[in-house]
Amino acid sequence: MVRIGAHFHVDHPLDEAIARGADAAQFFLGDPQGWKGPVIPGGDPAAIRDAFTAAGVDIYIHAPYVINVANRQQPDQDPEQEDPRPATQGGRVGRAKGLIVHGGHVTAGVAAEDGLENWRKAVERIERPLPMLIENTAGGDGAMARSLDAIGRLWEAVTEAAGDDGANLGFCLDTCHANSAGIDLADAADRIKAITGRIDLVHCNNSRDGFGSGRDRHANIGTGTIDPALLLGVVRAAGAPVICETPDENGGPGRRYQLAEAAPGRLAPRLASTGPVDAEPPAARVET
């Protein structure tokens, strides 16, 4: 049965995961909009790792939004600022299942090939003690992982740079981003797997905006513009764990997130009704 979890913006993600009956917890290791180094919730990596293991909850780390690997080492950039290594090291101490990093974009006037070259250099240089999962994006000029063609070019570049059949590289499919990018969700999972060979994680989010809008505004499973049946079809076809990044409609403090329609128990039966899902191994516009 597919493992279902959520993204938690809290100091104690395990407590929230247990309270909601989640199988997985995704969270940041610090300020998602800043450059400060990673902070392990609770401060004791070994204790956190053991607690998550005992609870049967998987860990996924989301890299800060400010990281843009494709734009690394542009003339106006501090070369240390576009680097996912700190989050990678932070994720290792908790034995996370993956580090999610956006595909990023090149700035105006910069060729897409320069972005691909930056990704190649990053993959060659960065140690990957846990899988680095590249996430597709909703829009933006110069985006490296918006269209299927762009995803294909990026995947070819990073796997070639890895030189080891892409070991510890993976793909995270965000349904809101795909829909906003103009990718038909009816066969999105199959078409992406034809490019990458597998999908390692699904960000199952509905969208407040229409198909091809280029906008990244998540909505709960049953309240957005995407037919929930399409979302469940993606989950089934992907055969991967699911993280829901849907807004907390109960008015909780800060940027808290809830599982789709408030609890995994509401999503799991709907998945079960379509047949078993076998997991495969492993600015206000803000892309989660």
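Buried means under 20% relative accessible area, exposed means over 50%, and partly exposed lies in between, with a 1.4 Å probe and protein chains only. This is a predicted model: local features need pLDDT of at least 70, side-chain atom pairs count only at pLDDT 80 or more, and totals for chains, interfaces and linings use all residues. Residues are numbered from 1 along each chain as its sequence is written, and side-chain values use heavy atoms, with hydrogens and water left out.

**Exercise 1. Place Asn205 and classify its burial as buried or exposed.**

Start with the secondary structure. Helices (H or I, at least four residues) and strands (E, at least two) are DSSP runs, numbered from the N terminus. Asn205 sits in the loop between strand S7 (201-203) and strand S8 (206-207). Next, take the accessibility. Asn205 has 0% relative accessibility, so it counts as buried. Then list the neighbours. Contact means heavy atoms within 4.5 Å. Leaving out residues up to four places away in sequence, Asn205 touches Asp174, Thr175, Cys176, His218, Ala219, Ile226, Leu231, Cys244, Glu245 and Thr246.

**Exercise 2. Describe the surroundings of Cys176.**

Locate the residue: Cys176 belongs to helix H6 (residues 175-180). Check its cover: the relative accessible area of Cys176 is 0%, so this residue is buried. Collect its contacts: beyond four places in sequence, Cys176 touches Asn205, Asn206, Ser207, Asp216, Arg217 and His218. Now compare sequence and space for one of these. Cys176 and Asp216 are 40 residues apart in sequence, yet 6.9 Å apart from C-alpha to C-alpha.

**Exercise 3. Do the same for Cys172.**

Cys172 is part of strand S6 (residues 169-174). Its relative accessible area is 0%, so Cys172 is buried. Not counting residues up to four places away in sequence, the contacts of Cys172 are Ile100, Leu133, Ile134, Glu135, Asn136, Leu201 and His203. Val202 gives a C-alpha check: it is 30 residues from Cys172 in sequence and 5.6 Å away in space.

**Exercise 4. How many disulfides does the whole structure have?**

Set the criterion first. A disulfide is a pair of cysteine sulfur atoms within 2.5 Å. The search of the whole structure finds 0 disulfides. Test one cysteine by hand. The closest cysteine sulfur to that of Cys204 is in Cys244, 5.1 Å away, which is too far for a bond. Cys204 is also buried, with a relative accessible area of 0%.

**Exercise 5. Classify Arg146 and Arg191 by accessibility.**

Take Arg146 first. Arg146 is in the loop between strand S5 (132-135) and helix H5 (148-162). At 26% relative accessibility, Arg146 is partly exposed. Its contacts beyond four places in sequence are Thr137, Ala138, Gly139, Gly140, Ile151, Ser180, Ala181, Ile183, Gly212 and Gly214. The C-alpha atoms of Arg146 and Asn136 are 5.7 Å apart, with their positions 10 residues apart along the chain.

Now take Arg191. Arg191 lies in helix H7 (residues 188-196). At 42% relative accessibility, Arg191 is also partly exposed. Leu148 is 43 residues from Arg191 along the chain, and their C-alpha atoms are separated by 8.0 Å.

**Exercise 6. What is the angle between helices H1 and H2?**

Two packed helices are described by the angle between their axes and the distance between the axes. Axes are lines fitted to C-alpha atoms, for helices over the stretch in contact, and angles run from 0 to 180 degrees between N-to-C directions. Helix H1 (residues 13-20) and helix H2 (residues 45-55) pack at about 5°, with axes 11 Å apart. H1 and H2 are therefore roughly parallel, a label for angles under 35 degrees (over 145 is roughly antiparallel, 65 to 115 roughly perpendicular, the rest oblique). Pro13, Leu14 and Ile18 of H1 meet Ala51, Phe52 and Ala55 of H2.

**Exercise 7. How many helices and strands does the protein chain have?**

The chain has 9 helices and 12 strands. Of its 288 residues, 53% count as buried.
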